[in-house]
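Open the model in your viewer and keep the selection panel at hand. The stops below say what to pick next and what is there.

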Amino acid sequence: MAFRLVSEYSPKGDQEQAIEKLVKSVEAGNAHQTLLGVTGSGKTFTMANVIERIGKPALIMSHNKTLAAQLYSEFKNFFPHNAVEYFVSYFDYYQPEAYIPRTDTYIEKDSSINDEIERLRLSSMGSVLTRPDTIVVASVSCIYGLGSPEDYKGMMVPVWEGQEVSRDDFLNQLVNLLFERNDIAFGRGKFRVRGDVVEVQPAYLEDSAVRIEFFGDEVDRVSSIDAMTGAVMERLERHTFFPAKQFVTPKEKMERAMIAIRAEMEERIAHFEKKGKLIEAQRLKMRTEYDLEMMAEMGFCQGIENYSRHMTGRKPGERPYCLIDFFPDEFLTLVDESHVSVSQIRGMYEGDMSRKRVLVEHGFRLPSALDNRPLRFNEYMELTRQRVYVSATPGAFEVVNSRPENKGYIPVHGNQERGIDPIKLRQLRITPSPTDQPVEDFDVTRNGTLLIVEQIIRPTGLLDPVVTMKPLAGQIDATIELCRQRIERKERVLVTTLTKKTAEDLTEYLQGVGLKVSYIHADIDAVERVEILRRLRAAEVDIVVGINLLREGLDLPEVSLVCILDADKEGFLRNDTALIQTAGRAARHINGECVLFCDEVTDSIQRLLDVTEYRRARQRAYNEEHGITPQSVQRAVQESLHQYLKDASDAEKLNRSIVSDDEAVYDVVNVLMELERDMAEAASKLEYEKAAHLRDQIKELKRRAGLETDEKKPVDYAKG
């Protein structure tokens with residue numbers, strides 16, 4: 001079944017040439033190509049057109065679940081006749097298993113699985129195996145271990161009218177698929193039996209179930225029914241049942257795996273006893289034998305993924321299966337916000353290993369648990385084959401690798417990523433910019449061509465904000481005057497500072513001169529942050545002061561002015577990517593302006609000036625040529641979140657987020673430092689709920705480990 005894009009819009013501005021060039025490059029077999037698309041230029045629509053034209057299954061990766069959900073919704077609307085799936089971590093709450101040797105503290109795995117996301121994950125696996133018209137929107141969770149696709153596909157059970165199979169044999173097949181019989185509480189992953197009628201609700205179906213009616217040893221009728229009422233919705237010719245769990249193993253493989261697990265256990269116990277580690281030996285023996293008993297009786301155990309190497313028959317050190325293995329040989333990968341996502345993918349493996357090595361060393365897990373891991377970066381690159389990187393500010397990795405002669409990839413790490421200007425791409429090009437070439441002259445085979453396709457033009461006609469520089473002296477008074485001018489025009493303002501203390505003090509000072517202002521940073525409750533931004537849009541607040549939260553992903557059409565204080569303090573908060581992303585918050589307003597308070601023009605400021613002028617010139621020329629009058633973006637203000645918090649349990653659910661989005665980085669000795677880095681990173685990505693929960697987890701872990709201290713005096717964890 002071909003992909004069929006449904007939209008009332010047609011490609012406009014830079015979209016048409018971007019689509020043509022990306023399609024031409026992918027069809028030429030190039031491994032790397034980059035779409036440099038500014039905010040508001042319709043990158044998602046371009047991605048959808050590329051998928052339709054290429055006609056291959058597609059994996060779209062996003063660096064966080066919130067943006068993945070947004071992409072999933074948009075692609076569902078673009079492709080209503082195709083299989084659009086959502087694959088992210090299915091934990092509402094996840095605390096990985098960990099051990100802190102210094103305090104002899106064992107932290108048991110604790111999680112809360114979201115049934116709806118689990119259903120969507122199972123649906124993704126089934127669709128990728130059976131439908132060539134599948135698009136999966138995924139987080140980095142897609143590089144973590146799953147069961148074997150061959151086992152999953154081999155255990156599928158088709159059923160059709162006239163099939164010769166006894167009812168009892170069919171029920172045994174359902175049990176092998178890990179379905180549970182429950183004649184009273186019918187639900188996902190369960191079946192019930194009433195005489196010759198069997199009703200099954202697959203875990204991947206939302207509100208429907210399947211009824212199979214037998215006549216002797218033959219299937220008489222197959223129907224789709226409403227899971228609640230039992231009313232027949234549709235008569236089916238056939239239906240295929242997929243396993244009810246993500247980790248499923250045929251019985252003969254399970255038996256072989258149990259023998260191998262026991263052998264490894266005995267070998268490891270002997271290792272511990274030889275070294276005099278009797279506690280570790282006893283601990284490992286008790287835990288592993290309990291798991292083996294559960295597998296023998298139930299076919300499943302808590303933490304069964306730690307034995308995945310034995311169940312799939314892999315060799316020690318061999319990579320695990322993951323969602324990408326479920327795709328056919330030919331598929332397309334699109335990496336959204338690649339300047340963040342690529343680094344995230346690269347960092348998953350070591351983060352996961354740092355936690356598990358300690359568990360293995362102290363007898364909590366067998367060494368084979370280390371093979372239940374995310375993919376290494378080189379494994380991910382080998383599996384994905386063809387990639388389109390999508391970002392307004394592509395990183396060094398994308399820039400360096402986007403050449404047709406590069407069939408593999410060139411590693412770019414750490415400081416190599418700094419100082420490479422993703423906007424002045426002509427410095428890296430041997431041939432002219434693809435954007436400067438007509439589509440028919442766009443050479444995707446000649447060595448040296450850099451396959452970075454620019455999408456600068458916004459169909460709305462809006463230009464990038466004007467960038468103005470003002471001296472540091474008197475920056476507060478100047479900010480007040482600028483704010484008053486915007487407020488008189490009923491427009492809103494964002495102000496960014498370097499520290500939380502400065503943000504709080506500035507807010508208090510601005511309130512003292514009669515301005516309606518709030519501050520927002522990582523210590524503000526997650527729901528309250530969303531509420532502050534809603535109040536800004538609704539004009540209940542005119543100014544919001546922040547640090548690093550006012551960047552990617554914020555859609556605030558009423559904001560016409562961004563003030564960046566101390567803009568010449570070169571560093572993480574004032575590098576070129578941060579400045580470009582922060583200035584872009586005013587790009588949805590016709591009067592958009594970014595004011596930089598600085599005494600010198602740093603390299604990052606110069607890059608912001610260059611890219612802004614380049615983009616404004618391109619947009620202005622397009623508007624004049626096509627007679628477009630720019631208009632501010634209009635979008636309704638959402639209702640207050642407090643409308644939905646009817647009781648404490650609802651509030652708790654909203655505030656509770658993923659502690660470790662994809663089971664990453666929960667090291668034992670350095671856990672506090674790692675979590676604090678994660679919290680800062682989550683805040684920088686606007687993952688408010690995740691950052692707030694990480695903060696709470698840090699406090700709880702300090703209490704458990706006896707490291708409670710005055711928060712104003714940081715603890716040197718390295719010294720203990």
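Start with strand 24, residues 559-564. This strand is mostly covered, with 6 of its 6 residues buried. Buried means under 20% relative accessible area, exposed means over 50%, and partly exposed lies in between (1.4 Å probe, protein chains only). Helices (H or I, at least four residues) and strands (E, at least two) are DSSP runs, numbered from the N terminus.

This is a predicted model: local features need pLDDT of at least 70, side-chain atom pairs count only at pLDDT 80 or more, and totals for chains, interfaces and linings use all residues. Residues are numbered from 1 along each chain as its sequence is written, and side-chain values use heavy atoms, with hydrogens and water left out.

**Neighbours of strand 24**

Add strand 21, residues 492-496. Strands 21 and 24 pair in the parallel sense over 5 bridges. Two strands pair if DSSP finds at least two bridges between them. Pick Leu 494 and you find Val 562 of strand 24 opposite.

Now add strand 25, residues 593-597. Strand 25 runs parallel to strand 24, joined by 4 bridges. Here Leu 561 stands opposite Glu 593. Trace the chain from strand 24 through helix 17 (residues 576-583) to strand 25: this β-α-β crossover is right-handed. That is, with the strands pointing away from the viewer, the path from the first strand over the helix to the second runs clockwise.

**Helix 17**

Stay on helix 17. All 8 of the 8 residues are buried, so this helix is largely enclosed by the rest of the structure. Among them are Asp 576, Leu 579, Ile 580 and Gln 581. Show the surroundings next: the buried residues of helix 17 pack against helix 11 (338-361), strand 21, strand 24, strand 25 and helix 18 (603-626). Contact here means heavy atoms within 4.5 Å.

**Strand 23**

Select strand 23. Both faces are covered. Ile 543 and Val 545 are buried on one side, Val 544 and Gly 546 on the other. Strand 21 is a parallel partner, joined to strand 23 by 4 bridges. In that pair, Thr 496 stands opposite Gly 546. Strand 22 (residues 517-520) also runs parallel to strand 23, again over 4 bridges. Ser 518 has Val 544 as its bridge partner.

**Helix 14**

Move to helix 14, residues 475-488. How far apart are its end C-alpha atoms? They are 20 Å apart, which agrees with the 20 Å that 14 residues should span at 1.5 Å a residue. The expected span is 1.5 Å times one less than the number of residues.

Colour the buried residues of helix 14: Gln 475, Thr 479, Ile 480, Leu 482, Cys 483 and Arg 486. An α-helix has 3.6 residues a turn, so residues three or four places apart point the same way. The cover over these buried residues includes strand 20 (466-470), helix 15 (500-512), strand 23 (543-546) and strand 24. Step past the helix end to Lys 490, whose phi is positive, near 60°.

**A second sheet**

Select strands 10 to 15. These 6 strands form an open sheet in the order 10-11-12-13-14-15, with mixed pairing. Strand 10 (180-181) and strand 15 (232-236) stand at the edges, each with a single partner strand, so one side of each is left without a neighbour in the sheet. Zoom to strand 14 (residues 218-226), which runs antiparallel to strand 15 over 4 bridges. Ile 225 has Val 232 of strand 15 as its bridge partner.

**Pro 80**

Jump to Pro 80, in the loop between helix 3 (65-78) and strand 3 (83-87). Is Pro 80 buried or partly exposed? Pro 80 is partly exposed, with a relative accessible area of 47%. Add Arg 4: 76 residues away in sequence, its C-alpha is 8.1 Å from that of Pro 80.

**The whole chain**

Zoom out and colour by pLDDT, the predictor's confidence in each residue, from 0 to 100. The chain averages 81, and 80% of the residues score at least 70. Confidence is highest in strand 2 (residues 58-61), at 96, and lowest in helix 19 (residues 648-655), at a mean of 39. Select residues 414-433, where pLDDT stays under 50; the model has 41 contacts there beyond four places in sequence.

Finish with the totals. The chain has 21 helices and 25 strands. Buried residues make up 57% of the 720 residues.
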